[in-house]
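Subject: Structure handover and notes

Dear colleague,

I am passing on the structure we discussed, and my notes on it follow below. Please read them with the coordinates open beside you.

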Amino acid sequence: QVQLVESGGGLVQPGGSLRLSCAASGSIGSIYAMNWYRQAPGKERELVAAITSGGNTNYANSVKGRFTISRDNAKNTVYLQMNSLKFEDTAVYYCNADVKTTSRVRLNSWGQGTHVTVSS
């Protein structure tokens, strides 16, 4: 009923930047929180950044001051601007959204993930 599609991942050198996008589509009534998670090889998935429908944000300590989450409610899209990338930022990044469908069903939806590799 709701699909999340991420884009913008890739290979970048340390110190570089990438911008991830995640567009939600389908039977969307309302989107509440939108989040970015990541999972590095051999590690558990962790919350990177979150943004409420009102624009309040929260970040993992490891990315504060380097990453910025934003959203365009008119486009049902969330972004993650990643600057000063480090080797340890290498991971699969997943978009997540708390959605109420047009049928008033509350869903926790996930994208398929996009790979970010930081390497020299």
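I begin with the largest pocket, whose volume comes to about 190 Å³; please keep in mind throughout that this is a predicted model. The lining of the largest pocket is made up of 13 residues, and those that lie nearest its centre are Arg38, Ala40, Lys43, Glu46 and Glu88. Sorted by class, the lining comprises eight charged, three polar and two nonpolar residues.

Turning to the interior, the largest nonpolar core holds 31 residues, and the members that touch the most others in it are Trp36, Leu80, Met82 and Tyr93. Two or more residues each are given to this core by strands S1 (2–7), S3 (18–26), S4 (28–39), S5, S7 (67–72), S8 (77–82), S9 (91–101) and S11 (114–118). Strand S9 supplies the largest share, with five residues. As for tyrosine 93, once its neighbours within four places in sequence are left aside, its contacts include Trp36, Leu80 and Met82, which are the residues listed beside Tyr93 as touching the most other core members. The remaining contacts of tyrosine 93, under that sequence limit, are Glu6, Leu20, Tyr37, Arg38, Val48, Phe67, Gly113, Thr114 and Val116. Arg38 thus appears twice in these notes, as a contact of tyrosine 93 and among the residues nearest the centre of the largest pocket.

The model contains one disulfide, formed by cysteine 22 and cysteine 95 with their sulfur atoms 2.1 Å apart. This pair joins distant parts of the chain, since cysteine 22 sits in strand S3 and cysteine 95 in strand S9, with their positions 73 residues apart in sequence terms. The link between cysteine 22 and cysteine 95 is left-handed, with -80 degrees about the S-S bond, and both cysteines are buried.

Cysteine 95 also leads to serine 109, which is found in strand S10 (residues 106–110). Apart from residues up to four places away in sequence, serine 109 touches Cys95 together with Val2, Leu4, Asn96 and Ala97. Serine 109 counts as buried because its relative accessibility of 8% falls under the 20% limit.

Two residues may deserve your attention when you check the backbone. Which residues have a positive phi although they are not glycines? One of them is serine 84, with a phi of about 50 degrees, and it is placed in the loop between S8 and S9; at 42% relative accessibility, serine 84 counts as partly exposed. The other is arginine 104, where phi is about 65 degrees, and this residue is found in the loop between S9 and S10. Arginine 104 is exposed, because its relative accessible area of 73% is over the 50% limit.

The next group of notes concerns leucine 11 and alanine 60, whose C-alpha atoms are separated by 22 Å while the residues are 49 apart along the chain. Is leucine 11 buried or exposed? With a relative accessibility of 65%, leucine 11 counts as exposed, and its place is in strand S2 (residues 10–12). Leaving aside its neighbours within four places in sequence, leucine 11 is in contact with Thr117 and Ser119. Alanine 60, by contrast, is buried, with a relative accessible area of 17%, although its place is in the loop between S6 and S7. Under the same exclusion of sequence neighbours, alanine 60 is in contact with Leu47 and Val48. Alanine 60 can also be set against glutamate 46, from which it is 14 residues away in sequence and 8.6 Å away in space, C-alpha to C-alpha; Glu46 is one of the residues nearest the centre of the largest pocket.

Finally, glycine 54 lies in the loop between strand S5 (46–51) and strand S6 (57–59). Glycine 54 is exposed, with a relative accessible area of 68%. The C-alpha atoms of glycine 54 and glutamine 13 are separated by 34 Å, and the two residues are 41 apart along the chain.

With best wishes

Note on methods
Residues numbered from 1 in each chain as written. Predicted model: local features only at pLDDT ≥ 70, side-chain atom pairs only at ≥ 80, totals over all residues. Heavy atoms only, no water. Helix = DSSP H or I, 4+ residues; strand = E, 2+ residues; numbered from the N terminus. Buried < 20%, exposed > 50% of the residue type's maximum accessible area, 1.4 Å probe, protein only. Core = buried A, V, L, I, M, F, W, Y, C linked by side-chain atoms within 4.5 Å. Contact = heavy atoms within 4.5 Å. Disulfide = S-S within 2.5 Å. 1 Å grid on protein atoms, 1.4 Å probe; cavity = no way out; pocket = protein on both sides within 12 Å on 5 of 7 lines; lining within 4 Å. Points joined across faces, edges and corners; volume = space filled by probe spheres on them. Nonpolar A, V, L, I, M, F, W, Y, C, P; charged D, E, K, R; others polar.
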